[in-house]
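Student: I have a model open and want to learn how to read it. Can you take me through it feature by feature?

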Amino acid sequence: MMRHEVERRLRRAPKSEQRDTAFQKAIRSIAKGKVATYGQVAAAAGYPLYHRHVAQLLRRTHEGLPWQRVVGAGGEIKLKREAGMEQRMRLEMEGVRFRGKRVDMAEHQHRFKTWEF
DNA sequence: ATCCTGACCCAAG
DNA sequence: GCTTGGGCCAGGA
């Protein structure tokens, strides 16, 4: 492995790992039957503007996380086809109701306890 | 360095 | 309800 690559990893890995840990912690804190948007998860974890990274993390690894509780702005499910259907089904099994294509956010918006982060 | 892409977001029209 | 254009960040080609 080339030296510059090693240095690159040492320099950046810790930060992104911290972020991912914070994201996971925030996601795990979403109550059953509630949802939060990518942007809200990022902000609650202390990284506003990092909503795309929340998505990236979930795409990489969602094992053991209540990933179905993370939705797009306005309660929209962003996964396509099968994956989208699965997310909707998982949410409905938790009692989450939809208004058409979106989660009824007025009823199911999770409120993060910001002092925990 | 540049360009593209992504389980994004938002304001406009 | 759209669609568009802009903004955001990091990783890969």
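Tutor: Start with exposure. A residue counts as buried under 20% relative accessible area, as exposed over 50%, and as partly exposed in between. Keep in mind that this is a predicted model.

Student: Is Arg-81 buried or exposed, then?

Tutor: Arg-81 has 70% relative accessibility, so Arg-81 counts as exposed. Arg-81 sits in helix H4.

Student: What else should I check at Arg-81?

Tutor: Check the backbone. Most residues other than glycine have a negative phi. Arg-81 has a phi near 45°, which is positive in a non-glycine residue.

Student: What is phi at Leu-49?

Tutor: Phi of Leu-49 is near 75°, again a positive value in a residue other than glycine. Leu-49 lies in the loop between H2 and H3. Its relative accessibility is 74%, so Leu-49 counts as exposed.

Student: Let me step back to the overall fold. How many helices and strands does chain A have?

Tutor: Chain A has 5 helices and 4 strands. Along the sequence they follow the pattern α-β-α-α-β-α-β-β-α. Of its 117 residues, 36% count as buried.

Student: Now the DNA. Which residues come nearest to strand B?

Tutor: There are 14 residues around DNA strand B, and Tyr-38, His-51, Arg-52, Arg-59 and Ala-73 come nearest. By class, the residues of this surface divide into 6 nonpolar, 5 polar and 3 charged.

Student: Which helices supply at least two residues of that surface?

Tutor: Helix H2, residues 38–44, and helix H3, residues 51–60, each do. H3 gives the largest share, with 5 residues.

Student: How do I tell base contacts from backbone contacts?

Tutor: Ask which DNA atoms lie close to the protein. Of the strand B atoms within 4 Å of the protein, 45% belong to sugar or phosphate, and the rest to bases. Then look at single contacts. Arg-52 places a polar side-chain atom 2.8 Å from a base nitrogen of strand B. For His-62, a side-chain N or O atom is 3.3 Å from a base nitrogen of strand B. Ala-73 works through its backbone: a polar backbone atom is 2.8 Å from a phosphate oxygen of strand B.

Student: Next, pockets. How are they found?

Tutor: Rolling a probe the size of a water molecule over the atoms shows where empty space is left. Here the largest pocket has a volume of about 300 Å³.

Student: Which elements give two or more residues to its lining?

Tutor: H3 and helix H4, residues 81–93, do. The lining residues include Tyr-38, Arg-59, His-62, Trp-67 and Glu-86. By class, the lining has 7 nonpolar, 2 polar and 3 charged residues. Compare your lists: Tyr-38 and Arg-59 are among the pocket lining residues, and both are also among those that come nearest to DNA strand B.

Student: How many aromatic pairs are there?

Tutor: The count is 2 aromatic pairs. Judge each by its ring planes: over 60 degrees apart counts as edge-to-face. The Phe-23 and Tyr-47 rings have centres 5.9 Å apart and planes at 75°, so this pair is edge-to-face. The pair links distant parts of the chain, with Phe-23 in helix H1 and Tyr-47 in the loop between H2 and H3, 24 residues apart. Tyr-47 and Tyr-50 form an edge-to-face pair too, at 5.8 Å centre to centre and 65° between the planes. Phe-23, Tyr-47 and Tyr-50 form one aromatic cluster.

Student: How accessible are Phe-23 and Tyr-50?

Tutor: Phe-23 is at 0% relative accessibility, so Phe-23 counts as buried. Tyr-50 has a relative accessible area of 29%, so Tyr-50 is partly exposed.

Student: How far apart in sequence are Val-35 and Val-103?

Tutor: They are 68 residues apart in sequence, and 8.3 Å apart in space, C-alpha to C-alpha. Val-35 lies in the loop between H1 and strand S1. At 0% relative accessibility, Val-35 counts as buried.

Student: One last site. Where is His-110?

Tutor: His-110 is in the segment after helix H5. Its relative accessible area is 11%, so His-110 is buried. A polar atom of its side chain lies 3.4 Å from the backbone oxygen of Ser-29.

Methods:
Residues numbered from 1 in each chain as written. Chains lettered and ligands numbered in written order. Predicted model: local features only at pLDDT ≥ 70, side-chain atom pairs only at ≥ 80, totals over all residues. Heavy atoms only, no water. Near = heavy atom within 4 Å. Polar contact = N/O pair within 3.5 Å; in protein donor to acceptor, adjacent residues only side chain to side chain. Nonpolar A, V, L, I, M, F, W, Y, C, P; charged D, E, K, R; others polar. 1 Å grid on protein atoms, 1.4 Å probe; cavity = no way out; pocket = protein on both sides within 12 Å on 5 of 7 lines; lining within 4 Å. Points joined across faces, edges and corners; volume = space filled by probe spheres on them. Phe/Tyr/Trp six-rings, centres within 6.5 Å; stacked < 30°, edge-to-face > 60°. Buried < 20%, exposed > 50% of the residue type's maximum accessible area, 1.4 Å probe, protein only.
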